[in-house]
Amino acid sequence: MSAPECPPAFVCNVQLNVDAAERPKQPAGCATAYDANSTESEHTEECCVELENVTVKFHISDTDIVAQVYPNCMTLAEVKQDISRKFEVEPQLLVLRQDNRPLCDSLPINATKFDEFGIHEFQLELRVPKDIGKDPVPKLDLDVYYDKHRLADFITVHIPGEDTEDGQPKNVVVEIVNAAIVKPFLCGYRDRASGKEYLDAFSQTGPYFDRWKARRYYSRDTQTWEPKEKTLNTAHEQSVQCHLDGINVLYVSAANDFVIVPGKYQTFAQKERAERKLEKIQLIQRNWRRWILWKYIHIRAKEYRRLVRNREAEEDRYEKCVEQRVDRQLAIKQFPRSKDDFDLLYAEICLWKRAELKRIAANYEGPARISEVNILLDKEIQLLNGVERQRRLVCKAMEDFRKDQLLKKMGKPIEWIGYKDCKIHMDLLSTQRVRFLTEVYKDLRVPVSRDVRLTLIRRVMEILMEETCFPDFPELFDLFEREKNLLLYATSSDVQILRKRQNILFFELIKFQKSEQNKRDPSRMCIVCKKVKEYKEFAIRTRQSHVDTCKSCYYLKLTATENTVYQSILRCVQRDERKRKCTTSFAFVMQSDDVRHIIDKIWHGHSALSKTQNLNELRLPRWNKSDDWAPWNCVCLTERETRDHYKIEDIEKVYDPKFVLHVSNRHMLARSLFQTLAAVAIEFQETGQWWKVGMNKQRTSNLDAI
């Protein structure tokens, strides 16, 4: 234990004089050390306090007490600032009390009560704000005080007068230093059954402290060295004689003498350690190999755990996607909106019909079967009528929505990015005309009273006089004239059909452009419905040789199928090709109808490996990963089989030769079905006319000559 040193600002004893005129104002209810009835001289004598360090105890609860040392001239606001930093709370939330009375922040410590040993005791409370919200509730945590900041405690030791030099009793503030060392983590293991961790032991006592090494010893003997020279008896090397006895003399030759230079002093322990060097080298190598093996095992185990986690995450993602797809299909069946949604309903009806026919064929014969089939046909007609009724309602609602979107797009000003990334808007006369006529079109669609309608008709007729170049202008003007006469002279009349025709022609008037009145799009006749339509109304596919059927007639020939499934398969193929940076792949010119033909006609609607017939799980990955995707370079597999297939480096070594031959036959069939696409690809590769890639010959040829 050691007494703490006073801060530099409080080294010397200072007398604190407080003038009565500069006395701080205390709020009501706060404890104060000033007496209102005392005179200025009495107050000056009381304020002359010797500066010293005092012990301050904070009672957090009945059992938790912390102590700190502060100069007696510090204010309680500074004390709050210091204690809030140690507890990691805001100082505005702390409240100091003494004898259950709150203390003011401007009050110094020496103005509060203290016991016989000079210890100031306060109750420390925490005020919780009401608008804390979702933030954690602050609290006075002793773990933060002791463990995180590792703060020391202070005690006041009372020394009686007989133990001091001057015979006066003293109160000494003593700091209790936390001398615990931080134990290093040597190693350990964890029990898999119980989950407990066992760590290798480390003693509480630190390493041995050699005082002789730490002590700096200086002496003259170790700092100076004086060389000395000594002259020998002989000036050169010569033989040495020694007397054997009184008569004989032994001569020792100096020819074989050699000089021995003393080396560094070596103890017995050092010598023994040097002799065991090979053994220690082997020990180091053995431990090194053991550590290398341990590290390799840990790296491989970490890699294995990572692969397992990735596999589990991938399985969870796949299951989540399946659940989302099922939920999406249920929502589509309940609230269909697009053509694909209604095709899904028609496909469900076909599947239900096939299942019922199988049940009837298995359970009934003769007249009973005929009656069951008639009942089945009646149910099918009811279902189809209900779906068709809903489809017409949706088409009507979507038609108005599409018209509004088209008018909004036509009336939008032209925008582009100009100099210094400045966005430029150009509002043409044509766009202004479209916006003006759109407002009139919206007014025509709103039901209003008779007088308001007549006013609107007169306004529209004035506008039509400026649009005389419109081809259907006479008919549109005549329709408004007829409605005006009916409203003026007829007592009751039904003009709803008349207004529908007006809205249709007025919408065509908005779309009409004066610059395009002499232009006419090329057209031809459909061989099925015998109607003359523009080229954009005809279906264009990759497997056709000429254009002869419009889109509506072509879709009538197709059976109702789940087009969304084939569209998702095509999107998966395009996404994979885009990741592989193969933007010239055939996947970007294929259509959902082509994907359906590949799966149903070439691969017979099931996986080539597992024979799975669930269309939601089927994919069309590459057969040879090094070549671009094509109808003759794909295989029908499930999603899991696709992931495993892309991990194969050599197909010939993994798959059976019979399976490889089967896939090759499927590829030959696909090349024969998509021979037009293959011929176009070969032509582009040989001629190098890449600027025409993606353009169909049918779109550039004269179709009227066909």
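Which helix holds both Asp82 and Arg85, and how many residues apart are they?

1. **The α2 pair.** This is a predicted model. Asp82 and Arg85 both sit in helix α2 (residues 76–87). They are three residues apart, about one turn of the helix. The two form a salt bridge, with the closest N and O atoms 2.8 Å apart. The partners differ in cover. Asp82 is buried, with a relative accessible area of 17%. Arg85 is exposed, at 52%. The cut-offs matter here: Asp82 counts as buried because its 17% is under 20%, and Arg85 counts as exposed because its 52% is over 50%.

2. **Salt bridges overall.** The structure holds 35 salt bridges. Side chains of opposite charge can pair when their charged atoms come close. The α2 pair, Asp82 with Arg85, is one of them. Two others are taken up below, after the sheet.

3. **The five-stranded sheet.** Five strands make an open sheet, ordered β2-β1-β5-β3-β4. Its pairing is mixed. β2 and β4 stand at the edges. Each has a single partner strand, so one side of each lacks a neighbour in the sheet. Strands of a sheet pair through backbone hydrogen bonds, either parallel or antiparallel.

4. **β1 with β2.** Strand β1 and strand β2 (residues 65–71) run antiparallel and are joined by seven bridges. They form a hairpin, with five residues between them. For a register check, take Thr55: its bridge partner in β2 is Val69.

5. **β1 with β5.** Here the strands run parallel. Four bridges join β1 (residues 53–59) to β5 (residues 120–126). Val56 has His120 as its bridge partner in β5. Lys57 stands opposite Glu121 in β5.

6. **β3 with β5.** Strand β3 (residues 94–98) runs antiparallel to β5, and four bridges join the two. Two partners in β5 can be named. Leu94 is bridged to Leu126. Leu96 is bridged to Leu124.

7. **A salt bridge between loops.** Which residue forms a salt bridge with Asp99? The partner is Lys113, and the closest N and O atoms are 3.1 Å apart. Asp99 lies in the loop between β3 and β4 (101–102), and Lys113 in the loop between β4 and β5, so the pair ties together parts that are 14 residues apart in sequence. Asp99 counts as partly exposed, at 47% relative accessibility. Lys113 is exposed, with a relative accessible area of 56%.

8. **A buried pair and its network.** Glu639 forms a salt bridge with Arg619. The closest N and O atoms are 3.8 Å apart. The pair links distant parts of the chain, 20 residues apart: Glu639 is in helix α17 (residues 639–645), and Arg619 is in strand β16 (residues 618–619). Glu639 counts as buried, at 18% relative accessibility. Arg619 is buried too, with a relative accessible area of 14%. Glu314, Arg619, Glu639 and Arg643 are joined into one network by salt bridges that share partners.

9. **Negative surface patch.** Where do Glu312, Asp316, Glu319, Glu323 and Asp327 gather? They form a patch of negative charge on the surface. One of them, Glu319, lies in helix α7 (residues 277–334). Glu319 is partly exposed, with a relative accessible area of 45%. That value fits patch membership, because patch residues need over 30% relative accessible area and no salt bridge.

10. **Nonpolar surface patch.** Ile414, Trp416, Ile424, Met426 and Leu428 form a nonpolar patch on the surface. Together they have about 370 Å² of accessible area. The elements that give two or more residues to the patch are β12 (414–417) and β13 (423–426). Ile414 is found in strand β12. Ile414 is partly exposed, with a relative accessible area of 36%.

Note on methods
Residues are numbered from 1 along each chain as its sequence is written. This is a predicted model: local features need pLDDT of at least 70, side-chain atom pairs count only at pLDDT 80 or more; totals for chains, interfaces and linings use all residues. Side-chain values use heavy atoms; hydrogens and water are left out. Patches are made of residues with over 30% relative accessible area and no salt bridge: like charges are joined within 9 Å, nonpolar side chains (Val, Leu, Ile, Met, Phe, Trp, Tyr) within 5 Å. Accessible areas come from the Shrake-Rupley method with a 1.4 Å probe; for residues, only the protein chains shown count as cover. A salt bridge is a side-chain nitrogen of Lys or Arg within 4 Å of a carboxyl oxygen of Asp or Glu. Lys and Arg count as positive and Asp and Glu as negative; His and the chain ends are not counted. The place of a charge is taken as NZ of Lys, CZ of Arg, CG of Asp or CD of Glu. Buried means under 20% relative accessible area, exposed over 50%, partly exposed in between (1.4 Å probe, protein chains only). Two strands pair if DSSP finds at least two bridges between them.
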